[in-house]
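Grab a pencil and work through the exercises below with the model open beside you. Each task comes with a solution that goes step by step.

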Amino acid sequence: MIPADFEDRVYEVVRQIPRGKVTTYGQIAYKIGFPKNARLVGATLKRSKRDKVTPCHRVVNAAGRLVPNWDEQRELLLSEGIQFKANGHVDLKTYFWQ
């Protein structure tokens, strides 16, 4: 059962991601004790207000792919020094925060 404070837990982890690093939906789910709920983490972040306090742009999928239809995410990551592979994905070997 998903606890009432699930969203708060997600945002707490997202706020800890350092500048110049990214993490995945699955890693966030794992950190908050719900390792099989990466999609729920994604749904939670999709509803976020994308404010400057919660750096949702630092969350990518397990392949390093960005959020579809959120063009600003790439620009925000580039501004933090994150480089992209030829396929447009973040290189998780270099920039992954766990």
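**Warm-up: a residue in a loop**

Aspartate 91 sits in the loop between helix 4 and helix 5 (92–95). Before you start: this is a predicted model, so to speak of a local feature takes pLDDT of at least 70 and a side-chain atom pair takes pLDDT 80 or more, while totals for chains, interfaces and linings use all residues. Residues are numbered from 1 along each chain as its sequence is written, and side-chain values use heavy atoms, with hydrogens and water left out.

**Exercise 1.** Work out whether aspartate 91 counts as buried, exposed or partly exposed, and do likewise for glycine 88.

*Solution.*
- Start with the cut-offs: buried is under 20% relative accessible area, exposed is over 50%, and partly exposed is in between (1.4 Å probe, protein chains only).
- Aspartate 91 has 23% relative accessibility, so it counts as partly exposed.
- Glycine 88 is also found in the loop between helix 4 and helix 5. At 24% relative accessibility, glycine 88 counts as partly exposed.
- Now add some distances, C-alpha to C-alpha. Aspartate 91 and valine 41 are 50 residues apart in sequence and 21 Å apart in space. For glycine 88 and lysine 21, the figures are 67 residues and 16 Å.

**Exercise 2.** Lay out the elements of the chain in order, then check its radius of gyration against the globule rule.

*Solution.*
- Elements are DSSP runs numbered from the N terminus: helices are H or I with at least four residues, strands are E with at least two.
- The chain has five helices and two strands. From the N terminus on, they run α-β-α-α-β-α-α.
- The radius of gyration is 13 Å, close to the 13 Å that the globule rule gives for 98 residues, so the chain is as compact as a globular protein of that length. (The radius is taken over C-alpha atoms, and the rule is 2.2 Å times the number of residues to the power 0.38.)
- Along the principal axes, the C-alpha atoms fill a box of roughly 40 × 25 × 25 Å.
- Of the 98 residues, 42% count as buried.

**Exercise 3.** Place threonine 23, cysteine 56 and asparagine 69 in the chain, and say how accessible they are.

*Solution.*
- Threonine 23 belongs to strand 1 (residues 23–24). Its relative accessible area is 1%, so threonine 23 is buried. Its C-alpha atom is separated by 17 Å from that of aspartate 8, 15 residues apart along the chain.
- Cysteine 56 lies in the loop between helix 3 and strand 2 (59–60). It has a relative accessible area of 6%, so cysteine 56 is buried. Between the C-alpha atoms of cysteine 56 and glutamine 73, 17 residues apart along the chain, there are 8.6 Å.
- Asparagine 69 is in the loop between strand 2 and helix 4 (71–79). With 80% relative accessibility, asparagine 69 counts as exposed. Check its backbone too: phi is near 65°, a positive value in a residue other than glycine.

**Exercise 4.** Find the aromatic pairs, then look for charges sitting over rings.

*Solution.*
- Rings of Phe, Tyr and Trp (its six-membered ring) pair if their centres lie within 6.5 Å; planes under 30 degrees apart are stacked, over 60 edge-to-face, and the rest tilted.
- That rule gives one aromatic pair. Phenylalanine 6 and phenylalanine 34 form it, edge-to-face, at 5.7 Å centre to centre with 75° between the planes.
- The pair links distant parts of the chain, 28 residues apart: phenylalanine 6 is in helix 1 (residues 6–14), and phenylalanine 34 is in the loop between helix 2 (25–31) and helix 3. Both are buried.
- For a charge over a ring, NZ of Lys or CZ of Arg must be within 6 Å of the ring centre and within 35 degrees of the ring normal.
- The charged end of lysine 31 sits over the ring of tryptophan 97, 4.6 Å from its centre. Arginine 74 lies over the face of phenylalanine 84, 4.2 Å from the ring centre.
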